[in-house]
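Got the viewer open? Keep the selection box handy, and we'll go from one stop to the next.

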Amino acid sequence: MSLALAPSLLRLSPKTTSVPERLLLDELVSRLQARDDALIDRVLRELVPEVRRWMLRQLGPRAELDDAVQDALSEIARALHRFEGRSSLATLAHRIALRTSYRYYRKRSRPQPLY
């Protein structure tokens, strides 16, 4: 099986005992490290609903939620070439989304100047 036929790339994990899944993960890692644009685009498209759901859970419905999601996806895109396959892509993306939502939360909780 190739990556093109895999239903989802987000849940491929190094902890799997399945040889075909491990081979898919190895191919995924090598292509991401080679900065394969088509694969990066596919991964980001798969991540959009997940990242939005994670950030909505952290930040709640707010005006800048879409901006926060976009920032998280940008950071994820910049980090994909460093992915080593020691975890799933979903784990990597979740950590980045969580850090981004913390940054937005801190921004909201700071008192704004009155002038």
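Is Arg86 buried or exposed? Select Arg86 and have a look: Arg86 is exposed, since its relative accessible area is 69%. Bear in mind throughout that this is a predicted model.

**Stop 1: around Arg86**

Keep Arg86 on screen and add Glu84. The two side chains meet in a salt bridge, 2.8 Å from N to O. Glu84 is partly exposed, with a relative accessible area of 47%. Next, pick Arg11, Glu50 and Arg53, which are joined into one network by salt bridges that share partners.

**Stop 2: helix α1**

Select residues 19–33 and you have helix α1. Its 15 residues reach 21 Å from first C-alpha to last, close to the 21 Å expected at 1.5 Å a residue. Colour the buried ones: Leu24, Leu25, Leu28, Val29 and Leu32. These cover an arc of only 135° around the axis, so they sit on the same side of α1. Now spin the view to the other side of α1, where Val19, Pro20 and Leu23 are exposed. Before you leave, click on Arg35, which follows α1 and has a positive phi, near 60°.

**Stop 3: Glu46 in helix α2**

Helix α2 takes in residues 37–59, and Glu46 is in it. Is Glu46 buried or exposed? A relative accessible area of 18% falls under the 20% cut-off, so Glu46 counts as buried. What does Glu46 touch, leaving out residues up to four places away in sequence? Show Pro7, Ser8, Leu9 and Leu10, and you have the answer. Zoom in on two of these neighbours. With the side chain of Ser8, the Glu46 side chain makes a polar contact at 3.2 Å. The Glu46 side chain also reaches the backbone nitrogen of Leu9, at 3.0 Å.

**Stop 4: helix α3**

Move on to residues 65–79, helix α3. Here, 15 residues span 21 Å between the first and last C-alpha, close to the 21 Å expected at 1.5 Å a residue. Highlight its buried residues: Leu65, Ala68, Val69, Ala72, Leu73, Glu75, Ile76 and Ala79. They lie on the same side of α3, because their arc around the axis is only 160°. Keep Glu75 in mind for the last stop.

**Stop 5: salt bridges from α3**

Side chains of opposite charge can pair when their charged atoms come close. How many salt bridges does the count come to? The count is 11, and two are worth a visit from here.

Start with Asp66 and Arg52, a salt bridge whose closest N and O atoms are 2.6 Å apart. Asp66 is in helix α3 and Arg52 in helix α2, so this pair ties together parts that are 14 residues apart in sequence. Asp66 is partly exposed at 48% relative accessibility, and Arg52 is partly exposed at 37%.

Then go back to Glu75. Which residue forms a salt bridge with Glu75? Select Arg103: the closest N and O atoms of this pair are 2.5 Å apart. The pair links distant parts of the chain, with Arg103 in helix α4 (residues 89–109) and Glu75 in helix α3, 28 residues apart. Glu75 is among the buried residues of α3, whereas Arg103 is partly exposed, with a relative accessible area of 32%.

Technical notes. Residues are numbered from 1 along each chain as its sequence is written. This is a predicted model: local features need pLDDT of at least 70, side-chain atom pairs count only at pLDDT 80 or more; totals for chains, interfaces and linings use all residues. Side-chain values use heavy atoms; hydrogens and water are left out. Helices (H or I, at least four residues) and strands (E, at least two) are DSSP runs, numbered from the N terminus. The expected span of a helix is 1.5 Å times one less than its number of residues. Buried means under 20% relative accessible area, exposed over 50%, partly exposed in between (1.4 Å probe, protein chains only). The arc is that of the directions from the helix axis to the C-beta atoms. A polar contact is a pair of N or O atoms within 3.5 Å; within protein, one must be able to donate a hydrogen and the other to accept it, and residues adjacent in sequence count only if both atoms are side-chain atoms. Contact means heavy atoms within 4.5 Å. A salt bridge is a side-chain nitrogen of Lys or Arg within 4 Å of a carboxyl oxygen of Asp or Glu.
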